[in-house]
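Got the model open in your viewer? Let's take a walk through it, one selection at a time.

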Amino acid sequence: MDIASLGGELLGQIPFGDIVLYLTPFNLFMFASVLIFTFLIAISRTETQVETEFGSLGNRRVEVDTAEFRIRRFLAIVCGLATAGAMVTGDLFNFTLFVALIGIVNIGIVSAVRQVDVLDAAFQYGLIAMMASLPLFGGAAMVLGSSGTLSLLELSHIGGNPMISFATILLLMGVIGETGVAPFYATKAEMFRTPGSPFILIIHLSSLLVIVRAIEVLLIVAL
């Protein structure tokens with residue numbers, strides 16, 4: 001499928017050797033949105049979470065200490081930059097790399113939390129993310145083997161075939177597993193209860209935008 005029919009008129013290309021970034025109004029909007037949100041995260045501080053103690057009328061304040069704050073802010077920024085890169089990359093393999101990086105840093109954002117339920121949920125999400133890397137990279141390898149290129153600009157002019165169609169199914173499975181959307185959302189739900197807003201919000205944003213971008217990529221590759 002033609003790129004312009006999905007994202008609008010091609011505004012330009014930014015080549016970095018074999019890596020080519022391309023800009024359309026659709027991709028540019030998502031790219032700018034992620035960068036703005038990432039900047040807001042970089043300058044913000046975490047909120048103090050108040051939890052009600054079971055069996056009493058008291059409340060317990062849960063705060064993020066300075067060391068944990070710095071680590072989680074850094075990982076949230078990396079997650080935002082990886083999401084921004086996935087929005088404009090014109091190379092299918094680099095798209096899969098950005099998606100895999102998002103899955104890794106999502107685990108890291110909550111890994112410093114000293115709560116058993118949160119760490120258990122992060123561990124389960126990590127297992128799914130690792131298993132999803134096989135169809136994710138396997139699908140990209142199958143596209144390369146059947147078409148001879150991983151450039152989305154070139155793939156948009158190549159007609160689909162049964163092998164590429166199967167590869168797009170694998171890619172979709174990999175993206176769903178890495179981002180933790182349905183049916184794997186249950187593994188991430190407990191992670192969102194951890195203190196550390198707005199760092200936790202980048203997990204929501206990255207999953208949403210990557211799924212939208214993945215649909216565009218799969219339509220370009222398969223049709």
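**Stop one: α4 against α9**

Start with helices α4 and α9, which cross in a left-handed way. What you have on screen is a predicted model. For α4, select residues 92-111; for α9, select residues 201-222. Their axes lie 11 Å apart and the helices pack at an angle of about 165°. That angle is over 145°, so α4 and α9 run roughly antiparallel.

Now show the side chains where the two helices touch. On the α4 side, pick Leu92, Phe95, Val99, Ile102, Asn106, Ile109 and Val110. Their partners in α9 are Ile202, Ile203, Ser206, Val210, Arg213, Ala214 and Val217. Sorted by class, this α4–α9 contact has eleven nonpolar residues, two polar and one charged.

**Stop two: a salt bridge in α9**

Stay on α9 and zoom in on Arg213. Which residue does Arg213 form a salt bridge with? The partner is Glu216, and the closest N and O atoms are 2.5 Å apart. Why are the two separated by about one helical turn? Because Arg213 and Glu216 sit three residues apart in helix α9. Take a good look, as the structure holds one salt bridge.

**Stop three: α4 against α7**

Go back to α4 and add helix α7, residues 162-179. Here the axes come within 9 Å and cross at roughly 25°. With an angle under 35°, α4 and α7 are therefore roughly parallel to each other. The crossing of α4 past α7 is left-handed.

To see the contact, show Leu92, Phe95, Thr96, Val99, Ala100 and Gly103 in α4, plus Leu171, Val175 and Glu178 in α7. These residues of the α4–α7 contact split into six nonpolar, two polar and one charged. Leave Leu92, Phe95 and Val99 highlighted for a moment: they are listed in the contact with α7, and also in the contact with α9.

**Stop four: α5 against α7**

Keep α7 and swap α4 for helix α5, residues 116-147. The axes of α5 and α7 come within 7 Å and cross at roughly 155°. Are the two roughly parallel or antiparallel? The angle is over 145°, so α5 and α7 are roughly antiparallel. α5 passes α7 in a left-handed crossing. By class, the α5–α7 contact has 17 nonpolar residues, seven polar and one charged.

**Last stop: the annotated stretches**

Finally, colour by annotation. An unreviewed UniProt entry places the feature "transmembrane region" at residues 20-43, 71-89, 95-113, 125-144, 164-187 and 199-222. Try two of these. Residues 20-43 are 79% helix and 17% strand, with the end C-alpha atoms 31 Å apart. Residues 95-113 are 89% helix and 0% strand, and there the end C-alpha atoms are 29 Å apart.

Notes
Residues numbered from 1 in each chain as written. Predicted model: local features only at pLDDT ≥ 70, side-chain atom pairs only at ≥ 80, totals over all residues. Heavy atoms only, no water. UniProt positions renumbered as here; feature names shortened; annotations may be inferred. Helix = DSSP H or I, 4+ residues; strand = E, 2+ residues; numbered from the N terminus. Axes fitted to C-alpha atoms, helices over the stretch in contact; angles between N-to-C directions. Parallel < 35°, antiparallel > 145°, perpendicular 65-115°, else oblique. Left-handed = near helix turned anticlockwise from the far one by under 90°. Contact = heavy atoms within 4.5 Å. Nonpolar A, V, L, I, M, F, W, Y, C, P; charged D, E, K, R; others polar. Salt bridge = Lys/Arg side-chain N within 4 Å of Asp/Glu carboxyl O.
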